[in-house]
Amino acid sequence: MSGGVDSSLSAALLLEQGYDVIGAFMKNWSGSTKVCDETEEFQECDWRTERRDAMRVAAQLGIPFLTFDFEREYREKVVDYMVREYAVGRTPNPDVMCNKFMKFALFVKEADKLGCEFVATGHYARIKNKVVLMAGTDPNKDQSYFLCQIPREVLHRVIFPVGDMLKSQVRDEARARGLVVADKKDSQGVCFIGEFDMTEFLQDYIEKKPGKIVDTNGKEVGDHQGLPFYTIGQREGLEIGGLKTPYYVVEKNAERNEIIVSSNFHEALYRTELTATDMNWLVDSRVSFSCHARIRYRQPLEQCEVKILDDSRLNVKFDKPQRAVTPGQFIVFYDGDVVIGGAVIE
C-alpha cells in the first residue's frame, strides 16, 4: 500500500472478495542522495506522508499494517543502476527496475516470510489464468510496460485488483467506500522518489564535462554540460538560442564529447531497426516472430519483426520509422493485450 487511491482500493476489493489481507508499505527512499553521506539532503522525501495515508486506509479497513525498509536495496538496485546508465551515456528506466527488484522480488520474499500465498498491487495491468501478463483495461493508465522485467515465475502469485477498471471507476469506487485517499492526486516522477530535476540529481554523482553541441552538418550551435545529462530526442534544456527551428538530440558522440542535434523531421532522429539485450520473456519465446512493440511508455504500439540473435541479444525491424530510439530504455513486445516480454535497447 503506497498511500495512493489505486493500492488502497485494491486492498478494499480483496477484503470484500474474502481474502485475508495484510497492508504493507515499502520505505525505499528518504530523500538523501549521497550513499556515502546520508546527512546531505537533496530534497525531503514525502514517504512519511505516504505511509500515514496508507496506515489511515488500513485502519479504515481493519487490516494489519506493516512497513518494510528497503532503502539500502533500493539504492543498490535502482538508484545506483540509474546513475551508472546515465554515466555511460544511456537513458535508464528506474521504474522498470523498481518493479523487477523491489515490488516483485524483495516484497515477494517478505510475503513468503508471512506465509502469504499472493501479493497484490495497484498496478493497471491484468493477470490471465495466473500465468499471463496483460495490459490494463484503461489505455491511459496501462502500466504493463513497466512490468516487462518482472520474473515470470511470480506471475501465478500476483493479483492486480484494479487492472480491469478505468481510473475514473477506481476513484468512484473509492469514494463509495469512503476511503480517505479517494481524491488524492496521483504521484508523479520516478518510482518512490517523485518529481525532481534529473540533471541536478545526477550532478551529485557525475562530474560535468562540458563540450560542444553541433548540428548534423558539424556546425557548432551551442555548448553542453556533459553527455550524461542529455537523452536522445531531448529538446528542453539544450539552451540553444537564435535558431528558427527547434532542435533535438539525435546522437551523443563520446569520442568527440559532442551532442549532435537536428530538427524534429530530420532522418537522423528516426530508425527502423534496433538491437536489444537482457531479454525477459513472459511467454515461451521463438527464434523469430511478428508482434507489436513500444519503445517508451504510452507510445502507440507499432508492428515489428523480432529475430533472436543469441541467448543475450535480439534484432527488431519496425514497419515504420521510430522516433528517438534511446539506448538504455526498454522495448516491450505485445501479442494483442498479452505482454510477450521486454529487453533493453542497445
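This section describes the overall build of the protein chain, the surroundings of strand S7, and the placement of Arg-75.

The model is predicted, and in it the protein chain has six helices and 16 strands. The radius of gyration of the chain is 21 Å, close to the 20 Å that the globule rule gives for 346 residues, and the chain is therefore as compact as a globular protein of that length. Taken along the principal axes, the box filled by the C-alpha atoms is roughly 65 × 50 × 35 Å. Of the 346 residues in the protein chain, 53% are buried, and the accessible surface comes to about 16900 Å², with 46% of that area belonging to carbon and sulfur atoms. When contacts between residues at least 6 apart in sequence are considered, 64% are found to join residues at least 24 apart. The chain carries 45 positive and 54 negative charges, and the mean positions of these two sets are 2 Å apart.

Within this framework, strand S7, which spans residues 211–215, pairs with two other strands, S8 and S10. The pairing with S8 (residues 220–224) is antiparallel and extends over four bridges, with Val-214 standing opposite Glu-220 of S8. S7 and S8 together form a hairpin in which four residues lie between the two strands; in the turn of this hairpin, Gly-218 has a positive phi of about 90 degrees. The pairing of S7 with S10 (residues 258–262), by contrast, runs in the parallel sense, again over four bridges, and here Lys-212 stands opposite Glu-258 of S10. Four of the five residues of S7 are buried, that is, under 20% relative accessible area, so the strand is largely enclosed by the rest of the structure. In a regular strand the side chains alternate between the two faces of the sheet.

A further buried position is found in a helix. Arg-75 lies in helix H3, which covers residues 71–87, and the relative accessible area of Arg-75 is 4%, which places this residue in the buried class because the limit for that class is 20%. Although Arg-75 and Trp-29 are separated by 46 residues in sequence, the distance between them in space is 8.0 Å, C-alpha to C-alpha.

Terms used: Residues are numbered from 1 along each chain as its sequence is written. This is a predicted model: local features need pLDDT of at least 70, side-chain atom pairs count only at pLDDT 80 or more; totals for chains, interfaces and linings use all residues. Side-chain values use heavy atoms; hydrogens and water are left out. Buried means under 20% relative accessible area, exposed over 50%, partly exposed in between (1.4 Å probe, protein chains only). Two strands pair if DSSP finds at least two bridges between them. The radius of gyration is taken over C-alpha atoms; the globule rule is 2.2 Å times the number of residues to the power 0.38. Contact means heavy atoms within 4.5 Å. Accessible areas come from the Shrake-Rupley method with a 1.4 Å probe; for residues, only the protein chains shown count as cover. Lys and Arg count as positive and Asp and Glu as negative; His and the chain ends are not counted. The place of a charge is taken as NZ of Lys, CZ of Arg, CG of Asp or CD of Glu.
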